[in-house]
Amino acid sequence: MSVVALVPAAGRGERLGYGMPKALVPVNGVPLLTRAVRGLFASGQVQHVVIAAPPSDVDLVHTATASLAPAGGAVHVLSGGAERTDSVRLALDHALRVIPDTSIVLVHDAARAFTPPEVIADVVAAVRDGHDAVIPVLPVADTIKQVDEVGVVVSTPDRAALRVVQTPQGFRAETLRAAYHSGIAATDDAGLVEKNGVAVHTVPGHAHAMKITTPFDLAVAAALLSGGQQ
């Protein structure tokens, strides 16, 4: 049975200011997408990666990633949709159609290019252990305030019960398929299956799985590399 990772990478990433898709922005000369795909395969758990690329850059993305798969693995590249959920749906439909033995599906952000392979392996292991949906999380370090429409604080949630969510998010293939065909809307894939009545399990995330969305984040990523994170 195959573990398939879906990577929605069709976003333009204007906040990074590179004039190219965010997934192709380089850190020390290597695109974020390349680093993310390497990490997925380095986990030793992923056999296929399906990338939803910007329609105008499918060939470029294929050239950049085709050689990354180990023996017995494969990278699939297709045109992504207008929104992230559209890209995930397209990639999921492709995986279930082309890789019929797909049993576990991961959804991973290319912008979390430095996620340690151990975190990816832990997510897969938790799904294999019987959980329908699994997400890596970190404790919330900052105090969180809930405010009203004019910015007045209305409550202070107990941060001990709050978690920051990372990727990859892992699912039994049928769980994610059912959620995407339910007509429900959510801001992320775990939220979608949660709204569809599925319990979501957590495993420890990692600080290196930060999401790179701004030039400052790129600078932090470059600092990680200089400190030995490859």
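**Exercise 1.** Is Asp189 buried or exposed in this predicted model?

*Solution.* The relative accessible area of Asp189 is 1%, and since buried means under 20% relative accessible area, Asp189 is classed as buried.

**Exercise 2.** Identify the partner with which the side chain of Asp189 meets in a salt bridge, and place both residues in the secondary structure.

*Solution.* Begin with the pair itself: the side chain of Asp189 meets that of Arg84 in a salt bridge, with an N to O distance of 3.0 Å. Next, locate the two ends, of which Arg84 belongs to helix H3 (residues 84–98) and Asp189 to helix H6 (residues 189–195), so the pair ties together parts that are 105 residues apart in sequence. Then consider accessibility, where Arg84 is partly exposed at a relative accessible area of 29%, whereas Asp189 is buried at 1%. Finally, look beyond the pair, because side chains of opposite charge can pair when their charged atoms come close. Here Arg84 and Asp189 are linked with Asp109 and Arg112 in a network of salt bridges.

**Exercise 3.** Describe the salt bridge between Asp86 and Arg89, and state how the two residues are placed in helix H3.

*Solution.* The side chains of Asp86 and Arg89 meet at 3.7 Å, N to O, which satisfies the cut-off of within 4 Å for a salt bridge. Both residues lie in helix H3, 3 residues apart, and are therefore separated by about one helical turn. As for accessibility, Asp86 is partly exposed at 28%, and Arg89 is partly exposed at 31%.

**Exercise 4.** Which parts of the chain does the salt bridge between Asp132 and Arg172 tie together?

*Solution.* The first step is the distance, given as 2.7 Å from N to O between the side chains of Asp132 and Arg172. The second step is location: Asp132 sits in the loop between helix H4 (117–128) and strand E7 (133–139), while Arg172 sits in strand E11 (residues 169–172), so the parts tied together are 40 residues apart in sequence. The third step is accessibility, by which Asp132 is partly exposed at 29% and Arg172 is partly exposed at 37%. To set these pairs in context, the count for the model comes to 6 salt bridges.

**Exercise 5.** Characterise the surroundings of Thr34, leaving aside residues up to four places away in sequence.

*Solution.* Thr34 is part of helix H1 (residues 32–42), and its relative accessible area of 6% makes it buried. With those sequence neighbours set aside, Thr34 touches Ala64 and Leu68.

How values were computed
Residues numbered from 1 in each chain as written. Predicted model: local features only at pLDDT ≥ 70, side-chain atom pairs only at ≥ 80, totals over all residues. Heavy atoms only, no water. Helix = DSSP H or I, 4+ residues; strand = E, 2+ residues; numbered from the N terminus. Buried < 20%, exposed > 50% of the residue type's maximum accessible area, 1.4 Å probe, protein only. Contact = heavy atoms within 4.5 Å.
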